[in-house]
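The following note sets out some points for a colleague who is examining this model. It is arranged as numbered paragraphs.

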Amino acid sequence: LARTICRENYEFADDEAFVEIARELSRASQTLTEASEQANYEAARQAAGRVTQSCSDCHDGYRG
């Protein structure tokens with residue numbers, strides 16, 4: 001999702017605040033994947049919270 005919403009033709013791809021939210025979504029998703037692979041529950045829980053927060057930030061500012 002983060003890669004898709006950062007593509008040049010995406011509606012908000014030229015908005016730096018939007019792109020930063022997408023970057024955070026990507027970073028948090030990667031951390032979640034790594035933590036899951038390592039069976040690190042606490043790190044996975046924290047990363048999942050960051051993923052959720054990224055979604056909320058985007059919907060609050062761009063999706064309504």
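1. A residue is termed buried under 20% relative accessible area, exposed over 50%, and partly exposed in between. The structure discussed here is a predicted model. By the stated cut-offs, A39 is exposed, because its relative accessible area is 68%. A39 belongs to the loop between α2 and α3. Its backbone also deserves attention: phi of A39 is near 55°, a positive value in a residue other than glycine. Most residues other than glycine have a negative phi.

2. Overall architecture. The protein chain contains 3 helices and 0 strands, and its elements follow the order α-α-α from the N terminus. Along the principal axes, the C-alpha atoms occupy a box of roughly 35 × 20 × 15 Å. Of the 64 residues in the protein chain, 27% are buried. Among contacts with a separation of 6 or more, 38% are made by residues 24 or more positions apart.

3. Surface and charge. The protein chain exposes about 4,600 Å², of which carbon and sulfur atoms supply 48%. There are 7 positive and 12 negative charges in the protein chain, and the mean positions of the two sets lie 4 Å apart.

4. Helix α2. The 22 residues of α2 should span 32 Å at 1.5 Å a residue; the end C-alpha atoms are 31 Å apart, so the model agrees with the expected span. Buried in α2 are F18, V19, I21, A22, L25, A28 and A35. The cover over these buried residues includes α1 (2-5) and α3. Helix α2 also holds Q30, which counts as partly exposed because its relative accessibility is 43%. Between the C-alpha atoms of Q30 and G61, which are 31 residues apart along the chain, the separation is 23 Å.

5. Helix α3. For the 23 residues of α3 (residues 41-63), 1.5 Å a residue gives an expected span of 33 Å; the end C-alpha atoms are 31 Å apart, which agrees. The buried residues here are A44, A47, V51, S54, C58 and Y62. An α-helix has 3.6 residues a turn, so residues three or four places apart point the same way. Helix α2 (16-37) is among the elements that cover the buried residues of α3.

6. S54 as a polar check. Is S54 buried or exposed? The relative accessible area of S54 is 4%, so this residue is buried. S54 is located in helix α3. Apart from neighbours within four places in sequence, S54 is in contact with I21, E24 and L25.

7. The nonpolar core. Which residues make up the largest nonpolar core? The set comprises 7 residues: I5, F12, F18, I21, A22, C58 and Y62. At least two residues of this core come from each of α2 and α3, and α2 gives the most, with 3 residues. For Y62, the contacts beyond neighbours within four places in sequence are F12, D15, A17, F18 and I21.

8. Points to inspect. In the displayed model, a reader may wish to view the positive phi of A39 alongside the exposed state of that residue. The contacts of Y62 with F12, F18 and I21, among others, can be viewed together with the core to which these residues belong. The contacts of S54 include I21, which is also a member of that core.

Key. Residues numbered from 1 in each chain as written. Predicted model: local features only at pLDDT ≥ 70, side-chain atom pairs only at ≥ 80, totals over all residues. Heavy atoms only, no water. Helix = DSSP H or I, 4+ residues; strand = E, 2+ residues; numbered from the N terminus. Expected span 1.5 Å × (residues − 1). Buried < 20%, exposed > 50% of the residue type's maximum accessible area, 1.4 Å probe, protein only. Contact = heavy atoms within 4.5 Å. Core = buried A, V, L, I, M, F, W, Y, C linked by side-chain atoms within 4.5 Å. Areas by Shrake-Rupley, 256 points an atom, 1.4 Å probe, with all protein chains shown as cover. Lys, Arg positive; Asp, Glu negative; His and termini not counted. Charge placed at Lys NZ, Arg CZ, Asp CG, Glu CD.
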